[in-house]
Amino acid sequence: MNLFTAFLRTFFIQSFDFSSRTTRRWLYIYSFINGLIAMGVLFTSMVTYHKLFTPEFLGTFDYIKLILIFFSILSSIAIIVRRLHDIDKSGWLFLISVIPFLNILIMVLLLLPGTNGANRFGEDPRNFDSLR
């Protein structure tokens with residue numbers, strides 16, 4: 001599976017998967033590509049900012065950007081929850097990230113290596129394919 005199709009699978013299909021596991025490597029790759037997309041959406045929003053105070057506030061392209069933002073946020077939360085599952089922690093631990101200074105704990109947890117073999121959240125994702 002190539003990188004582009006793996007990203008699209010994570011972005012659209014696995015956005016609703018909060019029960020399996022994912023590797024650190026895929027979290028880093030996904031976050032980088034997702035960041036590039038977010039910068040592109042931000043840049044096009046800045047370029048079209050002058051439309052903000054016109055009657056045609058939201059055009060078709062703006063609705064597409066809103067859908068991309070929705071899937072970006074949802075898939076980012078899902079991949080962080082799956083990464084927490086890989087280190088055998090509950091996905092509900094992600095809610096700590098909204099508390100200032102405790103969100104650093106989540107960032108540190110995401111850097112830890114996953115558990116070897118199966119855990120209560122499923123099989124080791126490193127056993128499947130390199131982009132999971």
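Among contacts in this predicted model between residues at least 6 apart in sequence, 72% join residues at least 24 apart. The secondary structure behind these contacts consists of four helices and zero strands, and the order of elements from the N terminus is α-α-α-α. Of the 132 residues of the protein, 34% count as buried. The protein exposes about 8,300 Å², and carbon and sulfur atoms supply 75% of that area.

**The helices**

The table lists the residue range of each helix.

| Helix | Residue range |
|---|---|
| H1 | residues 3-13 |
| H2 | residues 24-47 |
| H3 | residues 60-86 |
| H4 | residues 103-111 |

Helix H3 has 27 residues. From its first C-alpha to its last, H3 reaches 39 Å, close to the 39 Å expected at 1.5 Å a residue. H3 is followed by aspartate 88, whose phi is positive, near 65°.

**The nonpolar core**

The largest nonpolar core holds 17 residues. Those that touch the most other members are Phe7, Trp26, Tyr30, Ile79, Ile80, Leu84 and Leu110. Helices H1, H2, H3 and H4 are the elements that give two or more residues to this core. H3 gives the most, with five residues.

Two of the residues named above are linked by a direct contact: with neighbours within four places in sequence left aside, isoleucine 80 is in contact with Leu110, and also with Phe94.

**The buried face of H4**

In helix H4, the buried residues are Ile106, Leu109 and Leu110. Seen down the axis of H4, these buried residues fall within an arc of 100°, so they line one face of the helix. The general geometry is as follows: an α-helix has 3.6 residues a turn, so residues three or four places apart point the same way. Leu110 thus appears both among the buried residues of H4 and among the core residues that touch the most other members.

**Serine 72**

Serine 72 lies in helix H3. Its relative accessible area is 14%, and because this value is under the 20% cut-off, serine 72 counts as buried. Leaving out residues up to four places away in sequence, serine 72 touches Phe11, Tyr30 and Asn34. One of these partners, Tyr30, is also among the core residues that touch the most other members.

Notes. Residues numbered from 1 in each chain as written. Predicted model: local features only at pLDDT ≥ 70, side-chain atom pairs only at ≥ 80, totals over all residues. Heavy atoms only, no water. Buried < 20%, exposed > 50% of the residue type's maximum accessible area, 1.4 Å probe, protein only. Contact = heavy atoms within 4.5 Å. Areas by Shrake-Rupley, 256 points an atom, 1.4 Å probe, with all protein chains shown as cover. Arc of directions from axis to C-beta. Expected span 1.5 Å × (residues − 1). Core = buried A, V, L, I, M, F, W, Y, C linked by side-chain atoms within 4.5 Å.
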